[in-house]
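Here are my notebook entries from a friendly first look around. Please open the structure and follow along.

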Amino acid sequence: MIMKIVFNAETVQLISDYNREVGKNICYHRKIQGLSQDFLANAVGISFSQIQRIEKAQNRICPGRLMYLSHVMKVPIAALLPVENDDRIQKFTREEMMLLSDLRLISSDKMKKSILDLVEVISVSRTIKTR
């Protein structure tokens with residue numbers, strides 16, 4: 001016997017909101033990395049129009065495809081999922097994402113630490129000057 005699950009209107013709205021947030025997050029990360037919908041579609045093996053529909057929440061995306069998208073965009077899969085409203089969570093600018101992506105490509109831990117130390121010195125000196 002096949003059991004049919006019926007969702008109430010509130011559950012359907014929650015699912016819609018979830019899909020909308022996933023689409024917005026995909027669009028956000030794609031844009032800050034300067035990737036076109038066409039490039040992203042080709043990279044993950046789907047059509048340009050499918051990427052459009054996913055970003056607009058007209059299509060859902062399966063977890064496997066979402067994982068592949070996160071890999072192509074070099075962001076954690078969690079960055080593409082909706083988060084609870086939390087004022088502590090901020091979106092990265094394109095420059096911040098590029099810095100993070102480039103930092104991840106550096107294999108030397110010593111070099112990474114030197115770069116982070118330099119960024120800290122610069123940020124502290126700017127903070128002191130603006131006071």
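I began with the buried residues of α1, which pack against α2, α3, α4 (63-73) and α5 (94-105). Helices here are DSSP runs (H or I, at least four residues) numbered from the N terminus, and I took contact as heavy atoms within 4.5 Å. This is a predicted model, where local features need pLDDT of at least 70, side-chain atom pairs count only at pLDDT 80 or more, and totals for chains, interfaces and linings use all residues. Residues are numbered from 1 along each chain as its sequence is written, and side-chain values use heavy atoms, with hydrogens and water left out.

Next I looked up which residues of α1 are buried (under 20% relative accessible area, 1.4 Å probe, protein chains only). Among them I found Asn19, Val22, Ile26, Tyr28 and Arg30. Cysteine 27 is buried too, at a relative accessible area of 16%.

I then checked the length of α1 (residues 9-32): its 24 residues should span 34 Å at 1.5 Å a residue (times one less than the number of residues). The end C-alpha atoms are 34 Å apart, which agrees. Just after α1, I noted glycine 34 with a positive phi of about 70°.

How do α2 and α3 cross? The axes (lines fitted to C-alpha atoms over the stretch in contact, with angles from 0 to 180 degrees between N-to-C directions) of α2 (residues 37-44) and α3 (residues 48-55) come within 8 Å and cross at roughly 110°. That makes α2 roughly perpendicular to α3 (65 to 115 degrees). At this contact, Gln37, Asp38, Leu40 and Ala41 in α2 meet Phe48, Ile51, Gln52 and Glu55 in α3.

Technical notes:
Buried means under 20% relative accessible area, exposed over 50%, partly exposed in between (1.4 Å probe, protein chains only). Helices (H or I, at least four residues) and strands (E, at least two) are DSSP runs, numbered from the N terminus. Angles under 35 degrees count as roughly parallel, over 145 as roughly antiparallel, 65 to 115 as roughly perpendicular and the rest as oblique.
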